[in-house]
Protein chains: 4
Amino acid sequence: MKLQQLEPTTTAGRKFVELAEMHAAEAATRAAEHDRDGTFPVEAVEAMKASGFVAGPIPEEFGGMGVMTVSEVGVAVNRLGRTDASLAIAINMHLVTCLIATRLLRGAREAGDAEQIAVLEGFMQLLGARMIAMANVTEAGTDVRHPMTEAKPVDGGWRIDGRKIFGTLSPVADIILVDARHQRDDGTWGRARAIVTRGTPGMQVMDNWDALGMRGSGSHDIVYDNCFVPDAFLLPSDAWGDVSEDFLIVGSAGQVGLVATFLGIAETARDYVANMLQTRTKQPSGKVIASRSGIQHGMAELEIALATCRAHIAENHARMDALLVDRPVASVTEDELHELTARAQITKLVSQRAAIDVVDKALELSGGAGYFSTSPLSRMYRDVRAGPFMQPFSPNEAYEYIGQVALSQPLDIDH
Amino acid sequence: MKLQQLEPTTTAGRKFVELAEMHAAEAATRAAEHDRDGTFPVEAVEAMKASGFVAGPIPEEFGGMGVMTVSEVGVAVNRLGRTDASLAIAINMHLVTCLIATRLLRGAREAGDAEQIAVLEGFMQLLGARMIAMANVTEAGTDVRHPMTEAKPVDGGWRIDGRKIFGTLSPVADIILVDARHQRDDGTWGRARAIVTRGTPGMQVMDNWDALGMRGSGSHDIVYDNCFVPDAFLLPSDAWGDVSEDFLIVGSAGQVGLVATFLGIAETARDYVANMLQTRTKQPSGKVIASRSGIQHGMAELEIALATCRAHIAENHARMDALLVDRPVASVTEDELHELTARAQITKLVSQRAAIDVVDKALELSGGAGYFSTSPLSRMYRDVRAGPFMQPFSPNEAYEYIGQVALSQPLDIDH
Amino acid sequence: MKLQQLEPTTTAGRKFVELAEMHAAEAATRAAEHDRDGTFPVEAVEAMKASGFVAGPIPEEFGGMGVMTVSEVGVAVNRLGRTDASLAIAINMHLVTCLIATRLLRGAREAGDAEQIAVLEGFMQLLGARMIAMANVTEAGTDVRHPMTEAKPVDGGWRIDGRKIFGTLSPVADIILVDARHQRDDGTWGRARAIVTRGTPGMQVMDNWDALGMRGSGSHDIVYDNCFVPDAFLLPSDAWGDVSEDFLIVGSAGQVGLVATFLGIAETARDYVANMLQTRTKQPSGKVIASRSGIQHGMAELEIALATCRAHIAENHARMDALLVDRPVASVTEDELHELTARAQITKLVSQRAAIDVVDKALELSGGAGYFSTSPLSRMYRDVRAGPFMQPFSPNEAYEYIGQVALSQPLDIDH
Amino acid sequence: MKLQQLEPTTTAGRKFVELAEMHAAEAATRAAEHDRDGTFPVEAVEAMKASGFVAGPIPEEFGGMGVMTVSEVGVAVNRLGRTDASLAIAINMHLVTCLIATRLLRGAREAGDAEQIAVLEGFMQLLGARMIAMANVTEAGTDVRHPMTEAKPVDGGWRIDGRKIFGTLSPVADIILVDARHQRDDGTWGRARAIVTRGTPGMQVMDNWDALGMRGSGSHDIVYDNCFVPDAFLLPSDAWGDVSEDFLIVGSAGQVGLVATFLGIAETARDYVANMLQTRTKQPSGKVIASRSGIQHGMAELEIALATCRAHIAENHARMDALLVDRPVASVTEDELHELTARAQITKLVSQRAAIDVVDKALELSGGAGYFSTSPLSRMYRDVRAGPFMQPFSPNEAYEYIGQVALSQPLDIDH
């Protein structure tokens, strides 16, 4: 059975996905080593800079490839996920930032907001010049809408203090977007985004990522201790805790690569075990294992889970592009964004779980062979479990959010 | 949350789906009565003849609406399934026959096969003139590839003897396509399709359909007892038991309405219970039931199952049209048909089960109200369970088939 | 494979279960008719009075059979559930009342509470004389801890006003225990239990039960309209809304028959379909259907669900008897009762769902035969879905309760 | 919520389980280290020899503790599984061998088979003297009923040639029972069991176990290359491929520790995450995480899975002891053994999967904390997945076997 894979739909997208496949093939040769040693695939990101892949979703006017769809970023990350899931979720951090910045610029141009246009064009220049950006939002003991990291006003700017975890891509990021809270004049808290450039004093990547899986993703803690940020680099966004438009874009478009990675893992698990079953034989009959009826039943279960994973992502991609790409930014209502985000969270819940099920079934069908450390399946088993931890919603929170949107009830996802 | 429904994509399709929605609204007013009494909605089919709906998937040259996609037949049947699932699966019998005949004619014209063209054009004329056709394949104690109904040569034609079950649409069908076996000169069995017109002596609709659900579908037994068919009306197809191209088209395109009906049931169950939860209150708080966190969690589970149902169907529709509509008939390989059929069977397994889960969850969220005979949910609970019985594969057989296709193993689905 | 059934453990229990099996065999002959017509099996209850079965869980000193375990009531109801689930849940209403009254008397005697002893001994005399009792608690629009039915003080007693639903066993109950609220002197609400005898003016059984399944259970609405109850017949229990000891006994011991009934349905579904598969043959091979590998796989799934249903119930039975029967009443702590109730609710969630799955799988394995109205499986499909509606917790509430007990958090099951 | 754990039922069993708890507490201190380094806990087995634990299931007449039930071996292994699952499955290898040998001796004594009695008493002396035994059955590319390892007659005995995998406990085993095939005079193959003592020339433990989990179990390959075994040490059993009584005892009683280990993992995962949730707080509310409704729902799901795991094992234990311990050996029919084995395989399928689900849910509830290498949950996630690989049936084979036993069909589990 031929793989029924996600495909790009535009010329720029096809070129972008071809590059992804090339980088994926290269990464395949080193992924096991990075996994074993817990090292970040710096060389892969270098190659992506050289090929222009990292500027895929940047408009051509800024030196990018001009990939404008959300879906094609998903397709490209899917290809990377097939050989190196750590690399996929890491570079996805950057690609999503490109996507979001491009959309923000489009909105600013629609609105004719000169100041915003200037700031964002500057940012796009940096991304077009192949600098690497990442968001740094997660903290222990709170959710992403309530950062405890704090920005305090100091002379000419702000000092940032706090500690972030799960800082995926941190070994190579040039620009880090740090969510922080800051006290407003009326005593309430606002949430701001600080732009910190690599090497700023007071900012330290802790080099401490050591996890069950995704070991090459460089998801280190980052500590900010009196880290100075100039006034222009602190972008205030919303009230602390708000479910803002910004948050909803992260919760919808921002999920695309995160789910595509796990589809990639599942696809590879499928191919790997199908090949094993079709070539290995078993006594006493000596026939290929694939000829056994129990095995065929199990393989059907695997294919069903894989198809579920892919179908959700395909439908979600179509909705994403229809709402976020084909429509003027200002025409999209908050209700539409909530429905898109609820749908994206459904896709995330179902497809990441389906990917886990595919790997589990592949292990089962391997008959024990997949349990050895040297088997690619054993790495997939560890990597694929990372899915449900991905921000901004834990599975429990996602259920609450989906139910509330479905029933048009007030949002209350942390009660 | 607004329903994210399947949509038609062509002008003809949009008109067709609009008619479906009109007929669905009419059928809604009588569905409960037909369910209670086990009567067939003859008046609904009459209205569909009057509106031209029944000739939707017939080319305009033969008087039809010219709906050429497989997917849009699915969308139309989906709309009917929302209010009267019995009517939906019944008329689907006819619509699928139109689809398949149109494709056969397209193939014959591609090939320049004059004889086939003549036969099929004649058939299309009848369908364009709004005659109603149905296939009559299922028998007790055997599978659809091995009909025990027999065609024996007699003077000037054949006599048909046998008994069929699940003859959905039989109360109004003008033309019945009866699968039968016939002994060939070499002693082996062939499988043929006899065209029997309503009222032929020896053919009797038993008027005995009395089931748990789908009570208005008219799925009576039909007995053929020395029923004469002229030579020209017996179309030999394949070897008895073969998985033929014909069989694969039924197993892929032929499933579209069967799954769309159950999506329709699920959509209505969702809307019904969501409305109930948003309007009914509960003591001691007096707040709407929808405000409760447990209810929101349950509603999220319902939405997830519904999204899974829809995503599988949407992806399947796209593949159907790409292979069966956009491509020349002769260009489609047997392997491609097997993959399409395996994919369609995955969709059937998952989406019909998901529809069952949606109705089950709606019942649960109704808190007991849905269990009363007068509740639409109680009819849905009975109707929706019919899904997994739909031909040509039982769930157990579908698993075997999918596994064998996935692993490129010899087909053996009844061992 | 021989059925691995629940068994009684005492001499009295064995006799009681034997009677249950006799009554089950009789009920089998009329269950389909009562189901079709929605009539209550009055004759079955009469037979149970004649045999003494209805006084099974009443001490011998009051004329009962002296069955003292909770588990054996479950086993007996399980046997009835195999042939007539409506009868099983109906008579269970009465048997549970016997169990609870017996335990209350035991507690009163332990404590030497003469007044309580007198009241309860009087009640036990009535039950020993084979009068039929039922609790009448459920109302639309509120939960069982917050009855809106009200008891207001009048001269010499109370008037009861309100409407109850799901009054299972109402066609034959002699004594009805009605939960009501009453305003206390300090303005707060208390919850009381009124003892209403059949035929009291102002009390009307509405004879309106018409549901998807459990059609013979007589679960009519009962309306109380200025229904007088003497002072001595209003037993004040707790604060309105409290999770009291009384409530916990209902939520634990009170569940035993409710889950055992559904196990009984599942057991019969299993036997029915296993027999069908082992005797019916299928073409073209002509071998019994049971010989097919897909069918065997499905049967294994059925057996697994059935074993899960039974294992949960067996373990739960052991815990019930250990805590509620073997221990002095006063020695059981509230924490222990909560743990027992949480465990019972887990059993209810899992075993009722497993029973639904067994019937679903039996339908699937029947290949369509089970879908006909005349098939016992189609009645089972309707009856078995009643399980999750059983009081006092809906599934959503049960999850909340279990989670709160597991994590030692404050109870809050209706937020 | 207090853990509702499996408990021993006899005096000897209680002492045995107390020792298990002591050894479990000791093992807890080194389990993470053995896991990291892939080293076998030799010191733990030494301690078990010193305490007499390894002779637990050996009759007192041979110097053992006299634990005679199957269930109590399960309970003891369950305690070990809570802190060191590798150690648990390793020593279980030995304990099961003790159980089986004891049963064989009982059977021989019943039958008065002097020769068998002598051999088995000799073997029991060794076990009573605290020698460590293991079975060595699994090979790549065949199932356990069809060993390809071969015994060929040589002067005074046999030479053994072959390679075994998954040789759990191999670092410390003194006596290895090696399944092999041997050609009989009539040319057919028989299956025999060779007793190989550690250090025999030609037998080499490959020290190559390096897996995803169960890293301290010492499950090395063992190569037999012209390894001599005296005549008396080759016990012929059955025809090659037969499902023999011997096989059924392994498939039933032999599973007890294998499933109990995974229950132990699940119990520890539950306690670990429950403690975390009840003590860690989360912003912005600052309340303990356990207070959140989504978390409570997730915890209920965990408890349900854990209860399912435990309920299946408890019921299975009762059946084991009733058939294999309380009954004379000769009175147990082959049908009864098949039913017991089918039931044990159901327990294995359900309880090992439930244990996987518990660990998965604990990871989810940990919110990411459990994914770090240093978290005990990350080791549990790797260890718990070993369950479904345990012999003698893969999950696919187990489904076939259960279905065939349930439907009284001929056994055919490798077609």
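How much area is buried between chain D and chain A, and what percentage of this area do carbon and sulfur atoms give? I began my notes with this question, working on a predicted model.

**Entry 1: the contact of chains D and A**

I looked up the buried area and found about 4,300 Å² between chain D and chain A. Carbon and sulfur atoms give 57% of that area. I then looked up who takes part: chain D brings 47 residues to the contact, and chain A brings 47 residues.

**Entry 2: charges and polar pairs across the interface**

I searched the interface of chain D and chain A for salt bridges and recorded eight. I noted one pair in detail, namely D:Asp360 with A:Arg353, whose closest N and O atoms are 2.9 Å apart. For polar contacts between chain D and chain A, I recorded 21 residue pairs, counting those with both residues at pLDDT 80 or more.

I next asked which elements of chain D supply at least two residues each to the side that touches chain A. I listed β9 (281-282), α9 (293-325), α10 (334-366), α11 (376-384) and α12 (395-406) of chain D. Of these, α10(D) gives the most to that side, with six residues. Sorted by class, the side of chain D that touches chain A holds 17 nonpolar, 16 polar and 14 charged residues.

**Entry 3: cavities**

I turned to enclosed spaces and found 14 cavities of 30 Å³ or more in the structure. I chose the second largest cavity, which has a volume of about 120 Å³. Its lining has 15 residues, and those closest to the centre are A:Ser293, A:Gly294, B:Glu400, C:Ser293 and C:Gly294. I also looked up the elements that give two or more residues to this lining: α9 (293-325) of chain A, α12 (395-406) of chain B, α9 (293-325) of chain C and α12 of chain D. By class, I recorded 12 polar residues, two charged and one nonpolar in the lining of the second largest cavity.

**Entry 4: salt bridges in the whole structure**

I extended the salt-bridge search to the whole structure and obtained 120 over all chains. From chain B I noted B:Lys361 with B:Glu301, whose closest N and O atoms are 2.7 Å apart. Why does this pair tie together parts that are 60 residues apart in sequence? I found that B:Lys361 lies in helix α10 (residues 334-366) of chain B and B:Glu301 in helix α9 (residues 293-325) of chain B, so the pair joins parts separated by that stretch of sequence.

Notes
Residues numbered from 1 in each chain as written. Chains lettered and ligands numbered in written order. Predicted model: local features only at pLDDT ≥ 70, side-chain atom pairs only at ≥ 80, totals over all residues. Heavy atoms only, no water. Contact = heavy atoms within 4.5 Å. Buried area = accessible area lost by both parts, 1.4 Å probe. Salt bridge = Lys/Arg side-chain N within 4 Å of Asp/Glu carboxyl O. Polar contact = N/O pair within 3.5 Å; in protein donor to acceptor, adjacent residues only side chain to side chain. Helix = DSSP H or I, 4+ residues; strand = E, 2+ residues; numbered from the N terminus. Nonpolar A, V, L, I, M, F, W, Y, C, P; charged D, E, K, R; others polar. 1 Å grid on protein atoms, 1.4 Å probe; cavity = no way out; pocket = protein on both sides within 12 Å on 5 of 7 lines; lining within 4 Å. Points joined across faces, edges and corners; volume = space filled by probe spheres on them.
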